[in-house]
Amino acid sequence: MNRKVAFYTLGCKLNFSETSTIARSFEKEDFERVDFSEKADIYVINTCSVTENADKRFKTIVKQAQQRNPNAFVAAVGCYAQLKPEELAAVDGVDLVLGATEKFKITDYLNDLSKNDHGEVHSCEIEEADFYVGSYAIGDRTRAFLKVQDGCDYKCTYCTIPLARGISRSDSLENVLQNAREIAAQDIKEIVLTGVNIGDYGKGEFGNKKHGHTFLDLVKALDEVEGIHRLRISSIEPNLLKNETIHFVAKSNSFVPHFHIPLQSGSDAILKKMRRRYLTNLYVDRVKQIKETMPHACIGVDVIVGFPGETDEHFLETYHFLNALDISYLHVFTYSERDNTLAAEMEDVVPQNVRRKRSKMLRGLSAKKRRAFYEGQLGSVRTVLFEGENKSGYIHGFTENYVKVKAPWDPALVNTLHQVELTEIDEDGLVRFEFVSDKVLA
């Protein structure tokens, strides 16, 4: 009888794409993949190091696995497993901890699935994480996350990702295109490009620092792949989002007018303390360039509140900066101290209650921004890709410029593209629409 394996992923889209690759390696070894809520012989937890919460959740997830099968073998992989392997290995029930280079070879470590008294650790020095493993994940039937790049050479003072994932390195262009074709062949309509710092694409493509291709080359080549209806760029650093890329997306076949651009602070003084590679004037310029070429584009922004030394004045500078900017929504992160980062050693620590208050203010601003963006889209004709889940009798979907719409559940709409006119905003904040025609676009 086939042994069963189940997976749980914490963190980012990149982690989801890597979990899928790890899962495929188990399938090659004749394991049967089951849902994490079921009884399995092995539970694999892909960890995250970005937020404090992910650390706490790890213990809860291990407990859940043990409740389902007390004799199951539990493995922890991923970023947190690289940064704090001994800490994870000490968690009751954990048998194996694999760091950045070992996680893709997990099946090599499974000759003996007997429980260990203490987790066995295999984690490299992060300098050894210099090779690239390509991956993609099918999140649901409608979209896939395609990893194009890993690691980061930036030295932002709050971030552990370079310690957890190593130097910036890229997939070869041919491999990315091959993965994209495989995804298209499965009738998946949308691909989201992911990586740690995807604008740095090209670096390390040949296992060294030589640039064979740029991010713009990647975008142009993917736009030619047959059978992909939508390509979405996930998060891209403002200093790496070049005018040429913006102008290409504006006239491309498949790339959608949606950008997610980390800002982190609207105060130049704080940006310098964070060691970001731009100041606010460059950010304003990026937003202006996008809106001039694609007035209907959706722009999402990452921002961190409560960074050490962030005074009320700095915070209000950020608030007013974002309020004046023509953006569509915010992802707000409350700063949390991470070991082995420069920021954790900084003075003028912002009290937790102040961090929470600032976070709440920016989340309120985000809701206002999203509402204003949606209102500006009413009356326009857009293309919607419908998703596969029945949510309380409704089907949801996203327009190319990331407006979330809803309609009464109709299974025939799942994974189809339709032209619609956006008509009104419902009380839950989602947008209602009318079909422009009965024709299915794809």
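**Note on strands β4 and β17 and their pairing partners**

1. In this predicted model, the hairpin of β17 and β18 has four residues between its strands, and among the features of this hairpin is tyrosine 402, which takes a positive phi near 65°.

2. The two strands of that hairpin, β17 and β18 (residues 404–408), pair in the antiparallel sense through five bridges. Within this pairing, histidine 396 lies opposite lysine 406 of β18.

3. Strand β17 also pairs with β16 (residues 381–386), again in the antiparallel sense, over three bridges. Here phenylalanine 386 stands opposite glycine 397 of β17.

4. Strand β17 spans residues 394–399, and five of its six residues are buried; the strand is therefore largely enclosed by the rest of the structure.

5. A second region to examine is strand β4, residues 73–78. This strand is mostly covered, with six of its six residues buried. In a regular strand, side chains alternate between the two faces of the sheet. In β4 both faces are covered: Phe73, Ala75 and Val77 are buried on one side, and Val74, Ala76 and Gly78 are buried on the other.

6. The pairing of β4 is parallel with strand β3 (residues 42–47), to which six bridges join it. Tyrosine 43 has valine 74 in β4 as its bridge partner.

7. Strand β4 also pairs in the parallel sense with β5 (residues 96–98), over three bridges. In this case the bridge partner of alanine 76 is valine 97 in β5.

How values were computed. Residues are numbered from 1 along each chain as its sequence is written. This is a predicted model: local features need pLDDT of at least 70, side-chain atom pairs count only at pLDDT 80 or more; totals for chains, interfaces and linings use all residues. Side-chain values use heavy atoms; hydrogens and water are left out. Buried means under 20% relative accessible area, exposed over 50%, partly exposed in between (1.4 Å probe, protein chains only). Two strands pair if DSSP finds at least two bridges between them.
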